[in-house]
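Open the model in your viewer and keep the sequence panel beside it, since each stop on this tour is a selection to make, followed by a description of what is there.

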Amino acid sequence: MVDSHCHLYDDKIIDRVDEIITNFKNDNIDFVIVPSCDYDSQKQSLELSQKYDNIYSALAVHPHDAINYNEKVKMFMLNNYQNNKVVAIGEFGLDYFYNLSPYKAQINVAEEHFALCQTCDLPAIFHIRDGLSNTCEHYDAYSDFFDLAKNYYLNRSGVLHCFGGDIDKARKALDLGFYISFTCNATYQSNEHLRQAIKYIPIDRLLIETDAPYLSPKHQRSLPNEPKNVKFVAELIAQLKKLDLDFVFNKTKSNTLELFYKIKNFK
């Protein structure tokens, strides 16, 4: 199994990170990708990837932190993207749910990151979250994202991480050539739209992740999430699509290797 998106540097699990990674073999985890969200987490992600063979890094600024995007952050990415363990620009995008950065800042920084993907010849990891239509002027993050993405050709494609949309949004993402990734929140009773999207999306465009330490499986909501729980996403996909579980493990791994092409150099 692979966890294509987990934040191992997060305060909720950092004190156990060595234990978690040491247990990868027993947990049947082949490798994980650790995206970043700001300048500090960029450094932490890169440091973890240098310390452990089965950790890979992605560098970017999360839309929450778009207001703090500056030349220092950009230069860290440009100075480190050629590192063999840096496999993506991510996670970046639009988040209108909390609006921790102004709308225009999020759009501008997303555009900067699209350009960085081309400069660095790396795939993208997108974070897209809609707002509530009755609380903010800009709430349709997916619509704005698709409008942006149409203006940028990505040599290396990208993945919509922690997909939160419906079949219509999935179709638009697939039409743009993107992969779509699901987390353990697809197991929540309230998220039937995610399960319907899983049924719709071809298996060769699916990735699995935990977004650890967030979005723990429904039976572990009180505990921080961990990469080993990615198995519950795979089990759900196998159940919904009536596929063999080992096939789902292997196919989502090969999809991950296809998108994050630099990892193949280590396999």
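Begin by selecting lysine 264 and glutamate 258, which form a salt bridge whose closest N and O atoms are 3.3 Å apart. This is a predicted model, and every distance on the tour is to be read in that light. Lysine 264 counts as partly exposed, its relative accessibility being 41%, and glutamate 258 is likewise partly exposed, with a relative accessible area of 49%. The pair belongs to a structure that holds twelve salt bridges.

For another of these pairs, select arginine 16 and glutamate 19, where a salt bridge brings the closest N and O atoms to 3.5 Å. Arginine 16 is partly exposed at 28% relative accessible area, and glutamate 19 is partly exposed at 44%.

**Helix α6, charged residues**

Now move to helix α6, which covers residues 167-175, and display the side chains of Asp168, Arg171, Lys172 and Asp175, which are linked in a network of salt bridges. Within this group, aspartate 175 and arginine 171 meet in a salt bridge with an N to O distance of 3.6 Å. Why can these two side chains be looked for along one helix, and what separates aspartate 175 and arginine 171? They are four residues apart in α6, so about one helical turn lies between them. An α-helix has 3.6 residues a turn, so residues three or four places apart point the same way. With buried meaning under 20% relative accessible area and exposed meaning over 50%, aspartate 175 counts as exposed because its relative accessibility is 59%, whereas arginine 171, at 34%, counts as partly exposed.

**Helix α6, buried residues**

Keep α6 on screen and change the selection to Lys169, Ala170, Ala173 and Leu174, which are buried. These four cover an arc of only 135 degrees around the axis, which means that they sit on the same side of α6. To see what covers the buried residues of α6, add the surrounding elements, including α5 (141-149), β6 (158-160), β7 (179-182) and α7 (192-200).

The two ends of the helix deserve a selection each. At the N-terminal end, aspartate 166 acts as a cap of α6, with a side-chain oxygen 3.2 Å from the backbone nitrogen of aspartate 168. Beyond the helix, select glycine 177, which follows α6 and has a positive phi, near 85 degrees.

**Arginine 195 in α7**

From α6, go to helix α7 and select arginine 195, which lies in it. Is arginine 195 buried or exposed? Its relative accessible area is 12%, and arginine 195 is therefore buried. A polar atom of the side chain of arginine 195 lies 3.1 Å from the backbone oxygen of glutamine 189. If neighbours within four places in sequence are left aside, the contacts of arginine 195 are Ala186, Thr187, Tyr188, Gln189, Leu236 and Leu240.

**Backbone geometry**

The next selections concern the backbone. Cysteine 162, in the loop between β6 and α6, has a positive phi near 45 degrees although it is a residue other than glycine, and cysteine 162 is buried, with a relative accessible area of 18%. Lysine 242, in the loop between α8 and α9 (245-259), also has a positive phi in a residue other than glycine, near 55 degrees, but lysine 242 counts as exposed, at 74% relative accessibility.

Then inspect two cis peptide bonds. The bond from glycine 90 to glutamate 91 is cis, with omega near 5 degrees, and glutamate 91 lies in strand β4. A cis peptide bond also joins alanine 212 and proline 213, with omega at about 10 degrees; proline 213 is found in the loop between β8 (206-208) and α8 (230-241).

**A nonpolar surface patch**

For the last stop, switch on the surface and select Phe97, Tyr98, Leu100 and Leu132, which make a nonpolar surface patch of about 400 Å². Phenylalanine 97 is in the loop between β4 (86-95) and α4 (103-120), and phenylalanine 97 counts as partly exposed, its relative accessibility being 34%.

How values were computed. Residues numbered from 1 in each chain as written. Predicted model: local features only at pLDDT ≥ 70, side-chain atom pairs only at ≥ 80, totals over all residues. Heavy atoms only, no water. Patch = residues over 30% accessible without salt bridge, like charges linked within 9 Å, V, L, I, M, F, W, Y side chains within 5 Å. Areas by Shrake-Rupley, 256 points an atom, 1.4 Å probe, with all protein chains shown as cover. Salt bridge = Lys/Arg side-chain N within 4 Å of Asp/Glu carboxyl O. Buried < 20%, exposed > 50% of the residue type's maximum accessible area, 1.4 Å probe, protein only. Arc of directions from axis to C-beta. Contact = heavy atoms within 4.5 Å. Polar contact = N/O pair within 3.5 Å; in protein donor to acceptor, adjacent residues only side chain to side chain.
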